[in-house]
Structures are given as C-alpha cells and as structure tokens.
Amino acid sequence: MRNLTIATLGSHSALQILKGAKDEGFKNLVICTPERLSLYRSYDNFIDEVIEIDSWKNFPKLEKELVKKNCIIIPHGSFVAYLGLEENKKMKVPYFGNKQVLDWEEDRKMQRYWMEEAKIKVPRQFKKGDKINRPVIVKSYGAAGGKGYFMARNQKEFDKKIQTYTAKRFMVQEYIIGVPIYFHFFFSPLTNKMEFMSVDKRYETNVDSLGRIPALSQRGLKIEPTFEVVGNIPLTVRESMLAEVMNMSDRVVTVSQKLMPPKGLFGPFCLEAIITSSEEIYVIEISARIVAGTNCFINGSPYTYLLYDEPMSTGRRIAREIKLAIQKNKLNSILD
Ligand code: AMP
Ligand code: AMP
C-alpha cells in the first residue's frame, strides 16, 4: 500500500480526495495548471506532490510518469470537462470506477433509460417536433455545472432563444418547480452495502438571487435565470424522505449492473433531485462520481457520523475502499 499514490486533477473536490488519501495512509499527488499551484502548494501539510501542467491537452504525456509512480486516478466532476470523454476512457493509469458508466452518464438519452428502468421519476423530455406546452429548461450534454442552460416558458420563447444557443447537443426538459436537493451515496462492491453519505443544495447564479429582488423591481430589467454553480450548502432532509431515496439508490445500482455489466455503478454517486410541493422526488440527473457538494463534509457529515466513529468524507471513503480492496486482494475489481 505504501507504494501506491492516489492522484487527481487540481479542481472540484481534489482537496477532499487528497486529504482522504493521506488520512488512510496513502501517498498523494495532484496535477494542476500554473494558476492553481499556489493553492495546492499551500496545503503541503497533506499534499505530497504537485505536478504542474501547462494545459490539460498535455495530460496524456504525463501518463507514463503516473503509471511509473504507481498512481491510482480518482475521477471527479472536472475530468470530462477538462480532458474530454474519450481521453477519460483512453487513460492508461489505473482509474477508480467503471469506465462503462461514463457513456451512460454523459449521454442524456441513455441516462434517462437507466433512470426509467430503475423506476425513478424523471422530468418529461421534449423530443424534436414535440409542442412545448409548459416551462422547460434547455441543457447541454456533459457535466457543465449548470453553465449555458436556459429556461423558456413556452414554445414561442423556446423558438426565439434557441436561435442564439451555441451548444450542439442539448436536451429540452420540463422545468420542475420545487427545491433542488443533491443526495450523495457510496456503494461498496466489497461489502455490498449502500452508504448514505450526505446532502447538499447548490448555490447557483443568478437563479438563487432572483428571490432577493421583488418582482416589481425586476420588471423591465429583462433578467433571465441562469444556473451556474458557485458553491454548495450543507443540508439534512426529512428522515421519511431518506427512506425513499435510499430505495431509489439501490434500484439505480441494481439496474446499472445489468446495463454496465458485470460491475455496474460503484463508489460515490449523486442523485440530483427536485422535490415538489406534493413531495414528489424527480431526479434531474445522476452524477456517477464524487460530486463537489461533498466538499461541505470534509470533516464528515451528520450521516457519516452515524456510520463511522471518525470523520469520514466521501474522498476518504474512496481511499478506504481502495485499502479494503488491497486487504481482500481485490484491487483489480475496483479499478478500470
Ligand atoms: P472548475 O475547475 O471549478 O472550473 O470546474 C470544472 C468543472 O467541474 C465545471 O465545469 C463543473 O462542471 C464542475 N464543477 C466544479 N465545481 C462544481 C460544483 N461545486 N458543483 C458542480 N459542478 C462543479
Ligand atoms: P444539472 O446540471 O442537471 O445538475 O442542473 C443544474 C441546475 O439547473 C439544478 O441545480 C437546477 O437548479 C436547475 N435544473 C436542472 N434541471 C431542472 C429541471 N428539470 N427543473 C428545474 N430546475 C432544473
């Protein structure tokens, strides 16, 4: 174990992942672009090595060195954004997770099929040619942190706004009125147990600021809601609701084992939900990896406190799984 190094890209939840690796006794390493050097170097109390990279395009050139250093890569939300889907799939450095899941996560149609098979309620999807008869949100493909989404109240508004929209692949989804809530899980294939880790809500600009300005004062300003994430806020939820999302998460994993066999989805993932006033839980998206909302809980969450006698972040839980796999001689079963 001492000769393994946990590595990740400098962004998103890297600090949490690296701290968790260190707490579990691994060496660690972060790869980052020049403007982020001082951030990661400032945490030299737990980060062993910072590797500078001019541009993410050059990442493949680094791979040999990472393999030589016995690295295990922990993917997070910036991987697809920075390296692209294909580069992620091609990566030769051992990767924590099942790469088959990447396609199911990125392609919104496939993701929807997965959710429907798992009997998860999803917002209505509008196909080309469908009449838009209710408010919709238009989303580009791939994790974008809410960047470049727009909202339209009806067909007319959609037709007008789509003319200047630059995303090549996008989906048109019913806009659900309710509160967005992000549920974080960890499924361990080694213990065959689902662990409920934590919950957050996002702080999105500018949609989360609109309620601060009365409608009367907004009139004439032509403000359009945008959904770009800026940060995350910790939450707890009604316990009765937890029972339901726990069942949902079990179904999502069970179905994934059929769709992405044999391993399916394992490790950290997040059900991104909107809960309506009639307490219906719609899942708007699944993130099949560690999400940044877990950063609220680097020192553990109220829920991980119930499961562990020590501070257990999702990042640390990943390192714990790797440690467990080494002990059971099953490391290959959790790497791709
Ligand atoms: P950044 O390095 O902060 O520019 O983030 C790169 C990508 O990671 C963004 O495009 C987002 O897709 C994702 N990301 C970063 N932080 C968050 C967050 N707090 N919530 C959701 N997605 C995030
Ligand atoms: P996503 O990238 O799918 O996680 O969405 C980012 C944000 O857009 C969410 O946190 C919500 O604020 C908003 N959003 C996305 N989909 C919907 C929807 N179907 N109804 C209402 N709001 C949505």
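Which polar side-chain atom lies 2.9 Å from a nitrogen atom of ligand 1? In this predicted model, the atom in question belongs to the side chain of Asn232. The protein covers 70% of the 480 Å² of accessible area that ligand 1 has on its own. Two elements each give two or more residues to the shell around the ligand, namely helix H4, which runs through residues 78-83, and strand E11, which runs through residues 227-235.

The shell as a whole is made up of 13 residues, and the closest of them are Ser11, Ser78, Tyr82, Asn232 and Ala292. When these surrounding residues are sorted by class, 5 are nonpolar, 6 are polar and 2 are charged. Besides the nitrogen atom already described, oxygen of the ligand also meets polar side-chain atoms: an N or O atom in the side chain of Ser11 is 2.5 Å from an oxygen atom of ligand 1, and for the side chain of Tyr82 the corresponding distance to an oxygen atom of ligand 1 is 2.2 Å.

We can now turn to the backbone, beginning with His12, a residue found in the loop between strand E1 (5-9) and helix H1 (14-23). The phi angle of His12 is near 60°, which is a positive value in a residue other than glycine. His12 counts as partly exposed because its relative accessible area is 27%, a value between the limits of 20% and 50%. Lys119 likewise has a positive phi, near 55°, although it is not a glycine, and its place is in the loop between helix H7 (108-117) and strand E5 (125-126). Since the relative accessibility of Lys119 is 65%, and exposed means over 50%, this residue counts as exposed.

Two peptide bonds also deserve a look. The bond from Thr205 to Asn206 is cis, with omega near 0°, and Asn206 belongs to strand E10, which covers residues 193-206. Another cis peptide bond joins Pro261 and Pro262, where omega is about -10°, and Pro262 sits in the loop between helix H10 (239-259) and strand E12 (267-275).

The last stop is Arg317, which lies in helix H12, made up of residues 314-327. Is this arginine, Arg317, buried or exposed? Arg317 counts as buried because its relative accessibility is 3%, and buried means under 20%. Leaving aside neighbours within four places in sequence, Arg317 is in contact with Phe186, Ser188, Glu195, Met197, Tyr308 and Met312. With one of these residues, Tyr308, the side chain of Arg317 makes a polar contact from side chain to side chain, at 2.8 Å.

Methods. Residues are numbered from 1 along each chain as its sequence is written. Chains are lettered from A and ligands numbered from 1 in the order in which they are written. This is a predicted model: local features need pLDDT of at least 70, side-chain atom pairs count only at pLDDT 80 or more; totals for chains, interfaces and linings use all residues. Side-chain values use heavy atoms; hydrogens and water are left out. Helices (H or I, at least four residues) and strands (E, at least two) are DSSP runs, numbered from the N terminus. Buried means under 20% relative accessible area, exposed over 50%, partly exposed in between (1.4 Å probe, protein chains only). A polar contact is a pair of N or O atoms within 3.5 Å; within protein, one must be able to donate a hydrogen and the other to accept it, and residues adjacent in sequence count only if both atoms are side-chain atoms. Contact means heavy atoms within 4.5 Å. A residue is near a molecule or strand if one of its heavy atoms lies within 4 Å of it. Accessible areas come from the Shrake-Rupley method with a 1.4 Å probe; for residues, only the protein chains shown count as cover. Ala, Val, Leu, Ile, Met, Phe, Trp, Tyr, Cys and Pro count as nonpolar, Asp, Glu, Lys and Arg as charged, and the others, Gly among them, as polar.
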